[in-house]
Amino acid sequence: MCAAITARQAGASVLVIEHAPKYLRGGNSRHTRNLRAMHSGPVETLVGAYDEEEYWRDLLFVTKGKTNEHLARIAIRGSIDAIPWLVRLGCRFQPSLTGTLSLSRTNLFFLGGGKAHLNVLYAAAQRLGVELIYDSEVREMPIENGRVREIRFSHRGFPATVKAKSYIAAAGGFQANIDWLKANWGARADNFCIRGTEYARGRVLRNLMDQGVATEGDPSGCHAVAIDARSPRFDGGIVTRLDCIPFSIVVNREAKRFYDEGEDFWPKRYAIWGKLVADQPDQMAWSIFDAKSLGLFMPSVFPAIEAPTLAGLAGKLGLDAEALTTTVAEYNAAVRPGSFDPTIHDDCATHGLALPKTHWARRIDQPPFYAYPLRPGITFTYMGVKVDENAAVHLGNGRPLDNLFATGEIMSGNILGEGYLAGFGMTIGTVFGRIAGRGAARHANQ
Amino acid sequence: MPINDLLTEIEAEAARQLAICNACRYCEGLCAVFPALQRRTLFESGDIGQLANLCHNCKGCYHACQFIPPHAFAVNLPQILSEARFESYAAYAWPRPLGRLFENNGVVVSLIAALGVAALLIGVGLAHAPADLFAARTGPGAFYQVIPWGLMAGLAGGVTLFAVLAMTIGAFRFWRHTGEGGPATAGAVRPAALAAGDILTLHNLGGGGRGCNDKDEGFSTLRRRLHHFMFYGFMLCFASTTVAWIYDHFLGLVAPYPFFSAPVLLGTTGGIGMMIGTGGLLWLKFVTDQAPTARRLLGADVALLLLLFLVAATGLLLLCLRETPAMALLLAVHLGFVLALFLLLPYSKFVHGLYRSLALLRDRRERAASLHAHSKG
Ligand SMILES: Cc1cc2nc3c(=O)[nH]c(=O)nc-3n(C[C@H](O)[C@H](O)[C@H](O)COP(=O)(O)OP(=O)(O)OC[C@H]3O[C@@H](n4cnc5c(N)ncnc54)[C@H](O)[C@@H]3O)c2cc1C
Ligand code: SF4
Ligand code: SF4
């Protein structure tokens with residue numbers, strides 16, 4: 001949307017081809033809540049300051065260096081101008097949501113969430129005269145002599161072709177393409193939930209790769225978190241996330257623990273649990289806690305499974321009652337007294353377990369007992385097309401295509417090769433969207 | 001979030017959806033409903049009553065929601081809160097059996113309006129010989145030649161007193177129900193002043209500063225402005241009647257009054273405002289995206305808007321034609337609509353104003369209490 005609006009503002013006539021029906025437009029962006037913005041003083045609802053160096057250090061930390069500094073800094077700096085531009089289009093922000101105070105300095109929250117934010121952008125695009133078609137899947141973008149010749153797409157089931165002077169790919173990741181995930185994860189992928197749109201099938205990315213376009217980012221990597229196993233297969237969104245793990249023990253189908261639940265603060269460990277659960281039998285796990293811990297974390301969409309005894313709980317979960325009771329008994333026996341404090345790395349830890357829980361460990365002994373079932377939930381995939389600072393897409397031979405630009409998830413692997421920084425996905429999409437829109441319009445107006 | 005077994009079917013469905021919102025919270029900045037929701041740990045019937053009556057039905061949260069039907073989570077908050085609201089009107093109604101009037105309320109409102117008009121027309125028709133009925137009348141007391149002053153005042157007074165009594169009892173019932181088990185409240189004057197501001201400006205129809213979704217996923221404040229036309233128009237008409245009463249009672253000036261007199265000027269401006277407001281709101285009801293609305297309740301909404309529109313329209317027509325032979329009939333029709341309106345005050349969507357205002361007051365008091373708790377701890 002940012003790309004389409006920018007191109008239109010630069011005088012080009014623009015057509016947006018969206019695979020989803022209208023009410024599902026906006027892909028994963030409709031599930032977002034904020035974007036991360038650099039600022040030197042309070043802006044909109046942001047407090048304090050967040051400068052380029054700190055932003056860059058945060059990014060370097062989460063990606064463990066798998067980033068392109070030049071492009072990353074363009075995204076970071078571009079976030080300054082992006083805000084007033086969005087506000088001029090009618091976008092509004094709200095103070096950081098309850099439970100996310102830690103982000104009030106770095107992240108701007110969309111008023112009403114990502115879908116409302118997109119509704120503003122769609123309305124602006126329509127006002128400006130951008131043409132939008134829904135229920136239309138882009139199938140192929142044939143490349144000839146270093147340029148895209150046309151787009152072949154299906155429109156409500158019928159084949160169609162459109163020719164333009166320049167093209168922008170903004171089709172998201174390929175996380176909803178289970179077959180593609182299977183190539184990397186095997187049959188395990190059948191048990192994954194996809195947290196966002198089911199239209200992120202990577203058709204455009206695959207077509208471009210097949211024609212020799214260069215890629216960036218880990219081809220098998222994806223951002224995977226542990227979500228409620230009762231979630232729908234697609235589009236469960238934000239409400240299926242679970243924040244209970246640090247206050248619980250997590251067991252697999254054999255009722256055995258498999259990782260230190262209290263290793264670090266939850267936001268720092270959030271994204272490793274998807275892979276951890278994916279490596280367990282049937283890609284299932286259960287987070288077990290007692291009455292003391294209920295209410296320590298944000299509620300999620302499904303109620304916790306509850307039972308007066310551990311054996312009863314095991315029965316409800318389909319776990320072996322004796323195995324679960326033993327695991328909990330061993331864990332309880334290893335818990336050393338400490339002063340429990342969720343806001344710091346406290347001294348509540350186990351002693352003597354082969355697999356310790358290093359913080360926030362308290363005995364699980366106060367009925368009723370609770371459990372949340374866990375499954376891997378895929379947020380997005382990393383691999384995308386290689387772009388340069390003009391958002392121009394590169395071929396494998398190192399040369400940019402003449403008339404193809406890219407923004408968003410389909411190119412964010414250039415900057416986010418690994419890991420994730422809350423709100424950076426939307427920042428990349430917005431900033432590179434504007435760059436791609438300008439580039440495409442310039443090329444078209446030539 | 002545990003859901004209480006004692007809820008009605010509609011309340012239970014509202015509680016299910018609200019639990020999803022409580023896990024999501026994206027709409028926090030849109031209106032008072034979401035912060036109020038997060039202040040609660042349980043959803044009892046009274047909580048649903050409060051949240052449902054706090055909702056202004058702006059549809060902002062529907063168009064902002066990633067989980068609208070056909071998503072498996074099927075969140076459609078404006079729709080379910082409308083239904084819960086209507087159910088609560090019946091539960092608070094006095095005398096209780098008349099709560100049944102809220103079922104098929106559209107038909108009830110139309111019938112009573114028709115009966116009101118018919119009664120006065122027949123009454124006037126029987127009381128006057130045809131030649132007398134169609135005589136042009138002017139000068140002070142002309143109206144009372146058609147319908148005697150005593151009858152008019154007695155009817156108006158009686159119906160108004162009954163409506164006030166019924167609505168006062170309804171208000172008490174609402175207050176008791178929504179107070180059961182809800183969050184702590186505090187303050188008196190300041191929360192009341194803030195609530196008055198919320199009521200008079202329709203602050204919650206601002207969509208958090210960007211406007212609501214009056215028609216579709218685009219943003220606007222048209223509904224808020226139309227409601228202002230209707231509300232302040234109604235208030236001007238009310239002021240007009242009050243001034244007329246003072247004229248009559250204390251100054252000995254008898255209606256009809258000249259065009260450039262306070263009652264007529266107030267009534268005319270008010271009537272025009274009401275016609276613009278109700279007409280606009282009716283139009284919006286039909287052009288708006290129907291998905292977030294409760295179709296079942298459309299009849300009730302439309303009937304009351306139409307009634308208000310007709311009260312205003314016949315009033316203005318009466319003003320224009322009061323010196324012609326049509327006056328007597330027009331007066332009967334106009335007063336018939338007015339009578340029906342007052343009869344229906346406690347048994348139509350009109351009560352939303354009462355419960356919405358009280359819900360806003362409770363909300364401001366809850367906010368004061370939670371601020372207080374935060375500043376202490
Ligand atoms: C639950 C959840 C919460 C998130 N929260 C945040 C957050 O708070 N902040 C943040 O910065 N990031 C967040 N993210 C990540 C963020 O969603 C992405 O970084 C961002 O949405 C990517 O935008 P995009 O435009 O590239 O892709 P999308 O928004 O997914 O848009 C891609 C669009 O392309 C369409 N499409 C795909 N293939 C085709 C085709 N072949 N033909 C036609 N159309 C096609 C899709 O239908 C879709 O509409 C979240 C992700 C999820 C799943
Ligand atoms: S209406 Fe939808 S988007 Fe808004 S808070 Fe509820 S679940 Fe979230
Ligand atoms: S419809 Fe409007 S007023 Fe009602 S809950 Fe949703 S956003 Fe709030």
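In the predicted model, ligand 3 is surrounded by C31(B), V33(B), F34(B), C55(B), H56(B), N57(B), C58(B), K59(B), C61(B) and P78(B). By class, this shell comprises seven nonpolar residues, two polar residues and one charged residue. The space that ligand 3 takes up is the largest cavity.

Ligand 2 occupies the second largest cavity. Its surroundings are formed by I20(B), C21(B), C24(B), R25(B), Y26(B), C27(B), F34(B), C61(B), A64(B), C65(B), Q66(B) and F67(B). F34(B) and C61(B) are thus found around ligand 2 and also around ligand 3. Helix α1 of chain B, spanning residues 9-24, makes the greatest contribution to the shell of ligand 2, with three residues. The shell of ligand 2 contains 10 nonpolar residues, one polar residue and one charged residue.

Ligand 1 is surrounded by 31 residues, of which E18(A), S29(A), E409(A), Y420(A) and M426(A) come nearest. These surroundings divide into 10 nonpolar, 15 polar and six charged residues. Several pairs of polar atoms link chain A to the ligand. A polar side-chain atom of S29(A) is placed 2.5 Å from an oxygen atom of ligand 1, and a backbone N or O atom of G26(A) lies 3.3 Å from an oxygen atom of the ligand. For V138(A), a backbone N or O atom is located 2.8 Å from a nitrogen atom of ligand 1. On its own, ligand 1 has 1000 Å² of accessible area, of which the protein covers 92%. The elements of chain A that supply two or more residues to the shell are β6 (136-140), α6 (203-210) and α11 (424-445).

Individual helical positions were also examined. In chain B, S88(B) belongs to helix α5 (residues 77-92). With a relative accessibility of 6%, S88(B) is classed as buried because the value is under 20%. The side chain of S88(B) makes a polar contact of 3.2 Å with the side chain of N53(B). In chain A, Y331(A) is part of helix α10 (residues 321-334) and is likewise buried, at 2% relative accessibility. Between Y331(A) and L103(A), which are 228 residues apart along the chain, the C-alpha separation is 34 Å. F61(A), located in helix α2 (residues 52-63) of chain A, is instead exposed, its relative accessible area being 62%. The C-alpha atoms of F61(A) and V87(A) are 31 Å apart, with these positions 26 residues apart in sequence numbering.

Backbone geometry was considered next. Most peptide bonds are trans, and most residues other than glycine have a negative phi. A cis peptide bond connects P367(A) to P368(A), with omega about -5°; P368(A) is situated in the loop between α10 and β18 (369-381) of chain A. In chain B, the peptide bond from P69(B) to P70(B) is cis, with omega near 5°, and P70(B) lies in the loop between α4 (60-63) and α5.

Positive phi values occur at two non-glycine positions described here, D235(A) and N104(B). Phi is near 65° for D235(A), a residue of the loop between β14 (222-228) and β15 (249-251) of chain A. D235(A) is buried, at 5% relative accessibility. For N104(B), phi is about 50°. N104(B) is placed in the loop between α5 and α6 (105-127) of chain B, and its relative accessibility of 60% makes it exposed, because this value is over 50%.

Conventions. Residues are numbered from 1 along each chain as its sequence is written. Chains are lettered from A and ligands numbered from 1 in the order in which they are written. This is a predicted model: local features need pLDDT of at least 70, side-chain atom pairs count only at pLDDT 80 or more; totals for chains, interfaces and linings use all residues. Side-chain values use heavy atoms; hydrogens and water are left out. A residue is near a molecule or strand if one of its heavy atoms lies within 4 Å of it. On a 1 Å grid over the protein atoms alone, a cavity is a set of points where a 1.4 Å probe fits but cannot get out, and a pocket is an open set with protein on both sides within 12 Å along at least five of seven lines; lining residues have an atom within 4 Å of a point. A molecule sits in a cavity or pocket if more than half of its atoms lie within 2 Å of its grid points. Ala, Val, Leu, Ile, Met, Phe, Trp, Tyr, Cys and Pro count as nonpolar, Asp, Glu, Lys and Arg as charged, and the others, Gly among them, as polar. Helices (H or I, at least four residues) and strands (E, at least two) are DSSP runs, numbered from the N terminus. Buried means under 20% relative accessible area, exposed over 50%, partly exposed in between (1.4 Å probe, protein chains only). A polar contact is a pair of N or O atoms within 3.5 Å; within protein, one must be able to donate a hydrogen and the other to accept it, and residues adjacent in sequence count only if both atoms are side-chain atoms. Accessible areas come from the Shrake-Rupley method with a 1.4 Å probe; for residues, only the protein chains shown count as cover.
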